Amino acid sequence: MAPRSKPAGPRSIWTRKADMLYIVILAMLSIFPLFLDFIHYSPIPLPKIFHFPLDWFKAEYNDPLYTRDPPFFKLFIIVEAVYLLPMSLWCIRGLVKDSKMVPLHLLVLSTHIVSSTAVCGVEMYYTKDWPQEYLDKNLPGYVIFGALSAVMWADMYSRTKNALMGKMKSS
């Protein structure tokens, strides 16, 4: 009788380059809202130092979404607070631990990120009464972030599909 091989344990994060990129993206998704989006919604007055990143961002990029605060943007901030931020933190931990549930959760999360980035990018770019130089300055950030999120979406779709197809074949 042949000896049974042990099931492979979790793979080291250092061997998974794509997962390390996703950790960076998710860390940015966790940090940016804290320093840019949530500042005005704090239940307590914050010292001026906490307003510095948002004030700098507004002065440097003059993004119409942050200076005009359209109504849908408030909804996106609520979604960031109740879903995106907690799920990003959970997924970072799950990626490090090589959790098998991460692809499914990141598929849903990246679908939200791609769609909300597209909506915000289009809204920002087609703002009619805004200096074109600021719109052009903001556009690369939206495009790069949207593209990275789309890559993550495609990878998570592939991983989820492969996991489901593997389960179907073994049944």
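**Figure 1. A close-up of D55, a residue in helix α2.** Helices here are DSSP runs of H or I with at least four residues, strands are E runs of at least two, and both are numbered from the N terminus. What we're looking at is a predicted model, where local features need pLDDT of at least 70, side-chain atom pairs count only at pLDDT 80 or more, and totals for chains, interfaces and linings use all residues. Residues are numbered from 1 along each chain as its sequence is written, and side-chain values use heavy atoms, with hydrogens and water left out. So how does D55 count at 46% relative accessibility? D55 is partly exposed: "buried" means under 20% relative accessible area, "exposed" means over 50%, and "partly exposed" is in between, using a 1.4 Å probe and protein chains only. Now find L36: D55 and L36 are 19 residues apart along the chain, and their C-alpha atoms are separated by 8.7 Å.

**Figure 2. N62, in the loop between α2 and α3.** Helix α2 covers residues 48-61 and α3 covers 64-68, with N62 in the loop between them. Have a look at the backbone: N62 isn't a glycine, yet its phi is positive, about 50 degrees. Is N62 buried or exposed? N62 counts as buried, because its relative accessible area is 18%.

**Figure 3. D69, in the loop between α3 and α4.** Helix α4 runs over residues 71-97. D69 is another residue to check for its backbone angle: phi is near 55 degrees, a positive value in a residue other than glycine. With a relative accessible area of 29%, D69 is partly exposed.

**Figure 4. S110 and the residues it touches.** S110 sits in helix α5, which covers residues 102-125. Its relative accessibility is 0%, so S110 counts as buried. Which residues does S110 touch, if you skip those up to four places away in sequence? They are S149, M152 and W153, where a contact means heavy atoms within 4.5 Å.

**Figure 5. T15, in the segment before α1.** Helix α1 takes in residues 17-37, and T15 is placed in the segment before it. T15 counts as exposed, because its relative accessibility is 58%. Pick out V114 as well: T15 and V114 are 99 residues apart in sequence, and C-alpha to C-alpha they are 26 Å apart in space.

**Figure 6. Two cysteines, C91 and C120.** How many disulfides does the structure hold? Zero, where a disulfide is a pair of cysteine sulfur atoms within 2.5 Å. C91 is buried, with a relative accessible area of 0%. C120 is buried too, at 7%.

**Figure 7. Stepping back to the whole protein, with its six helices and zero strands.** Read along the sequence, the pattern goes α-α-α-α-α-α. The C-alpha trace spans about 75 × 35 × 25 Å along its principal axes. The radius of gyration is 20 Å, whereas a compact globule of 171 residues would be near 16 Å; this radius is taken over C-alpha atoms, and the globule rule is 2.2 Å times the number of residues to the power 0.38. Of the 171 residues, 35% count as buried. Among contacts with a separation of 6 or more, 69% come from residues 24 or more positions apart.
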